[in-house]
Amino acid sequence: MKMTLGVLYGGKSPEHKVSLQTARSVINAINKEKFCVVPIYITTDGEWLRGEAIEGEVQDVKQLAFQQGLPALTSIANRSEKNEERIDVIFPLLHGPNGEDGTVQGMLELLNVPYVGNGVLASAVGMDKVVMKQLFAQAGLKQARYVFFLKKEWEKHKETVYGIVERELGYPCFVKPANAGSSVGISKCKNREQLQLAFQEAFRYDRKVIVEEAIVGREVEIGVIGNDEPICSVVGEIVPKKEFYDYEAKYVDGNTELVIPANITDKEYETMKQMALTAFKVLDLAGLVRADFFLTTDGEAYINEVNTMPGFTPFSMFPLLWKHTGVSYEELIERLIQLAIDRYEEKQNITYVF
């Protein structure tokens, strides 16, 4: 009997369109002989809609942005064996706020349905770059120096804020929204004028901003999958053809080269592998994560961040890392679904006292 897989995508996020691209790729790759694939679309207004089961390929992402469908939450919540619309497991393919930050994960926990990927805490911490870095520091992971500010603080004391950045970090530095993904709202600053503009831009996307020192080094990434016994992929390198790997380089102009596997030493690999596994444990991650590093010319690795729902098209870094490790895109999807079920079943054995 086929398992019914709900593919959840869209969402109220600046990365809505990216989510549609990811959903199309995953739906087309899923083995339809093993899974009944049901699209669940969250509109930009936050409405959850369930479409008809997809048997063939999705040719255009516009097919996934349907505006009429069955109310999705009712069928997700009703997991009775007799329910013909029963959803067995959810694969959330949501990027950014209101999807990758623990909000949707919390809803799925309340509905008591298995779902792929990280839980509530891990997703929330993985989205908030400040809290993430504070936990990394607690675990002794090497990272860039940083400072952070709330919007009200900046509005009232702009000159003081700029002075702290210049005193603690200097130029160049990066200004980022604390809670955003896919390099949205990120700016590289080389002087006070650029810093002022960068704060304005970053605060468009969040009430909290983080500023990091610029580490001179290669941008390298490693994939991790698993629950309590995670494993790592090979390392890949991002070689942007502009100053840094921003949103346009990722999704618009393709002006970036991915080198997989990266040209690194065995020692450098082992260092990053252990750092990635430490981060996985410290943040209580599950299912999948991509850990991003800076690697300096003298072999020093600095962890930058982890992404709890990395880009997931066949041409994204995370699936490509696993492809070069020996795990195909189709197999990767099935492994993640099984990891979701395993974690769900383990949690069902927890005894609660009422």
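**Figure 1. Glutamate 300 and its salt bridge to lysine 142.** Glutamate 300 is partly exposed, with a relative accessible area of 31% (buried means under 20% relative accessible area, exposed over 50%, partly exposed in between, with a 1.4 Å probe and protein chains only). Its partner, lysine 142, is also partly exposed, at 37% relative accessibility. The closest N and O atoms of the two residues are 2.4 Å apart; a salt bridge is a side-chain nitrogen of Lys or Arg within 4 Å of a carboxyl oxygen of Asp or Glu. Glutamate 300 sits in the loop between strand E13 (287–295) and E14, and lysine 142 in the loop between H5 and strand E6 (146–150), so the salt bridge ties together parts that are 158 residues apart in sequence. Helices (H or I, at least four residues) and strands (E, at least two) are DSSP runs, numbered from the N terminus. This is a predicted model, in which local features need pLDDT of at least 70 and side-chain atom pairs count only at pLDDT 80 or more, while totals for chains, interfaces and linings use all residues. Residues are numbered from 1 along each chain as its sequence is written, and side-chain values use heavy atoms, with hydrogens and water left out.

**Figure 2. The salt bridge between lysine 133 and glutamate 212.** The N to O distance of this pair is 3.4 Å. Lysine 133 belongs to helix H5 and glutamate 212 to strand E9 (residues 208–213), and the pair links distant parts of the chain, 79 residues apart. Lysine 133 is buried at 1% relative accessible area, and glutamate 212 is buried at 3%. Both take part in a network of salt bridges with Lys176. The structure as a whole holds 16 salt bridges.

**Figure 3. Arginine 218 and glutamate 237 on strands E10 and E11.** Their side chains meet in a salt bridge of 2.9 Å, N to O. Arginine 218 lies in strand E10 (residues 218–226) and glutamate 237 in strand E11 (residues 231–240), 19 residues apart. Glutamate 237 is buried, with a relative accessible area of 12%, whereas arginine 218 is partly exposed, at 27%.

**Figure 4. The interface of domain 1 and domain 3.** The domain assignment gives domain 1 (3–115), domain 2 (145–213) and domain 3 (217–348); such bounds come from an automatic or database assignment. In this interface, 26 residues of domain 1 are in contact with 22 residues of domain 3, contact meaning heavy atoms within 4.5 Å. The area buried between the two domains is about 1900 Å², of which carbon and sulfur atoms give 63%; buried area is the accessible area (1.4 Å probe) that two parts lose on being put together, summed over both. The count between domain 1 and domain 3 is 2 salt bridges. Glutamate 334 forms a salt bridge with lysine 34, with the closest N and O atoms 3.0 Å apart. Strand E1 (3–10), helix H1 (16–29) and strand E5 (89–92) each supply at least two residues of the side of domain 1 that touches domain 3. H1 gives the most to this side, with 6 residues.

**Figure 5. Phenylalanine 91 in strand E5.** Phenylalanine 91 is buried, with a relative accessible area of 0%. Leaving aside neighbours within four places in sequence, its contacts include Leu5, Val26, Phe312 and Ile337.

**Figure 6. Serine 123 in helix H4.** Serine 123 is buried, with a relative accessible area of 2%. Not counting residues up to four places away in sequence, serine 123 touches Glu100, Asp101, Gly102, Gln105, Asn118 and Thr308.
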